[in-house]
Amino acid sequence: MTATLEVTDLRKQFAIGRPAIDGVSFVVPAGEIVVLLGPSGCGKTTILRCVAGLEHPTSGDISIAGRVVSSPKRGILVPPRSRDLGMVFQSYAVWPHMTVRQNVIYPLKHRKFTRAEANRKVDEVLELVGLLEYAERSVVALSGGQMQRVALARSIVYRPQLLLLDEPLSNLDAKLRLRLRDDLRVILKQTGMTALYVTHDQAEAVVLGDRIGVMRDGKLLQIGTPDQIYNRPADLFVANFTGATNELAGTLVERNGEFGVVDFGGGQRAQAALLHPLTSGEKVRIALRPENIAIGKEDGANSFTARVVDRRYQGTQTVYDIDLFGHRLEVLELGTAARHQVGAQTPICLPRDACWAYRDSGPSSYD
Ligand SMILES: Nc1ncnc2c1ncn2[C@@H]1O[C@H](COP(=O)(O)OP(=O)(O)OP(=O)(O)O)[C@@H](O)[C@H]1O
Ligand SMILES: [Mg+2]
């Protein structure tokens, strides 16, 4: 059985400091994977712990499969063991003195299964995570990635209605991490389980999430499909955190529906997509992805001449630092040829769909 998770206006205030969770609402529909993405300290783990029942929320409601499991206002607090959920953590929570099979069968011992049934379930889930042939091995004879697969197998063997994952890949080396990341989505989708996954790694969020929620300082800033988050970020922080790291400051001087004209001073102007409701005369900041700037190309509106300040050849791509009327921007050019020399003047084009204008509320919101 897979279930919908509903979190409504959740708040958690610890004894000290600002609220760790500050009015967060979202839904994970049955069978969907929602990834909460955000920098260290933004409240991701605290949300998971509240959903699991390991932390007591200050206010707000949490329901799983339509049943309220936490509501301070109504005096409801269902204990963790009665919430029917699985958890996978950053550290490999496996028992080192046991074999893979003994680890995975453990949660079934307290449930009503015959030994044969339990073993069949263990075989099924080990097959799913690609560890069937390791079943009788001691877990200490496994790699980190394999141990994490054991932890995953153990948390899904009893088919909980909801799976919570807290940065399960962050202790793995880079290569294993990519492998398990791709496998994890396939495994979760095969089980059809509802999953809430937290990470600070944007690539993980995009690969794994049906939807991504971007958090900052205890608040959920935007929740949407990876496409929405990557192509229509709701604010400057979301844009920055998901890789639109270039910024240009200017003044909005003209509006035409979804687009507008931004003046950067010195007679330089560009068209931009208005992702905030903005009025003419407002100070704005434009966020731009390095890979969305076309270097060496002129294409009508939004074409400029920039100077190449630095370049870093990376084999299959080159990163340039360019100077555009006094602003330093990073540009990514795909391909094995680095075509532009340091010191050269080169045409660049900033496609207007890729120039996202937001209200300027002080210094860059990225930290
Ligand atoms: N038991 C606690 N007592 C007091 N403050 C806490 C406690 N647990 C967490 N916090 C605070 O709540 C905030 C959110 O912490 P949380 O662990 O949820 O962040 P996170 O997003 O999971 O970060 P990370 O990516 O580093 O794991 C932080 O400011 C943290 O210091
Ligand atoms: Mg955490």
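Visitor: In what order do the 6 strands of the open sheet stand?
Guide: In this predicted model, 6 strands form an open sheet in which the pairing is mixed. Strand 7 (85–88) and strand 11 (219–224) stand at its edges, each with a single partner strand, so one side of each has no neighbour in the sheet. Neighbouring strands are turned by 15° against each other on average, direction ignored. The order is 7-8-9-3-10-11.

Visitor: Which residue of strand 9 is the bridge partner of Leu162?
Guide: Strand 8 (residues 162–166) and strand 9 (residues 194–199) run parallel and are joined by 5 bridges. Within strand 9, Leu162 has as its bridge partner Thr194.

Visitor: Which residues surround ligand 1, and how do they divide by class?
Guide: The shell contains Phe14, Gly17, Ala20, Gly38, Ser40, Gly41, Cys42, Gly43, Lys44, Thr45, Thr46 and His200. Glycine is counted here as polar. The shell thus divides into 3 nonpolar, 8 polar and 1 charged.

Visitor: Are helix 2 and helix 4 roughly parallel or roughly antiparallel?
Guide: Helix 2 (residues 100–109) and helix 4 (residues 144–156) pack with their axes 7 Å apart, at an angle of about 30°. Angles under 35 degrees count as roughly parallel. Helix 2 is therefore, with respect to helix 4, roughly parallel.

Visitor: How do the residues of the contact of helix 2 with helix 4 divide by class?
Guide: The crossing of these two helices, helix 2 and helix 4, is right-handed. Helix 2 contributes Val100, Asn103, Val104, Tyr106 and Pro107, while helix 4 contributes Val150, Ala153 and Arg154. By class, the contact of helix 2 with helix 4 holds 6 nonpolar, 1 polar and 1 charged.

Visitor: Why are helix 2 and helix 3 described as oblique, and what is the hand of their crossing?
Guide: Helix 2 and helix 3 (residues 115–128) pack at an angle of about 120°, and their axes are 10 Å apart. Angles over 145 count as roughly antiparallel and those from 65 to 115 as roughly perpendicular. The pair is therefore oblique. The crossing of helix 2 and helix 3 is right-handed.

Visitor: How many nonpolar, polar and charged residues has the contact of helix 2 with helix 3?
Guide: On the side of helix 2, the residues are Arg101, Val104, Ile105 and Leu108; they meet Ala118, Lys121, Val122, Val125 and Leu126 in helix 3. By class, this contact of helix 2 with helix 3 has 7 nonpolar, no polar and 2 charged residues.

Visitor: At what angle do helix 4 and helix 5 pack, and how does their contact divide by class?
Guide: The axes of helix 4 and helix 5 (residues 174–191) lie 11 Å apart at an angle of about 15°, and the two helices are therefore roughly parallel to each other. Their crossing, that of helix 4 and helix 5, is right-handed. Gly144, Gly145, Gln148 and Ile156 in helix 4 meet Leu176, Arg179, Leu180 and Thr191 in helix 5. The class counts for the contact of helix 4 with helix 5 are 3 nonpolar, 4 polar and 1 charged.

Visitor: In what order do the 5 strands of the barrel close?
Guide: The pairing in this barrel is mixed, and the twist averages 55° from one strand to the next. The strands close in the order 12-13-14-21-15.

Visitor: Which residue of strand 21 is the bridge partner of Ile286?
Guide: Strand 15 (residues 283–288) and strand 21 (residues 356–359) pair in the antiparallel sense over 4 bridges. In strand 21, the partner of Ile286 is Ala357.

Visitor: Which residues of strand 20 are the bridge partners of Ala294, Phe304 and Arg307?
Guide: Strand 20 (residues 345–349) runs antiparallel to strand 16 (residues 294–295), with 2 bridges. Strand 17 (residues 303–313) also runs antiparallel to strand 20, with 5 bridges. The partner of Ala294 is Cys349, that of Phe304 is Ile348, and that of Arg307 is Gln345.

Visitor: Which residue in the turn between strand 17 and strand 18 has a positive phi?
Guide: Strand 17 and strand 18 (residues 317–324) run antiparallel and are joined by 6 bridges. Asp310 stands opposite Asp321 in strand 18. The two strands form a hairpin with 3 residues between them, and the turn residue with a positive phi, of about 90°, is Gly315.

Terms used:
Residues numbered from 1 in each chain as written. Chains lettered and ligands numbered in written order. Predicted model: local features only at pLDDT ≥ 70, side-chain atom pairs only at ≥ 80, totals over all residues. Pairing = 2+ DSSP bridges. Axes fitted to C-alpha atoms, helices over the stretch in contact; angles between N-to-C directions. Near = placed C-beta within 6 Å. Left-handed = near helix turned anticlockwise from the far one by under 90°. Contact = placed C-beta atoms within 7 Å.
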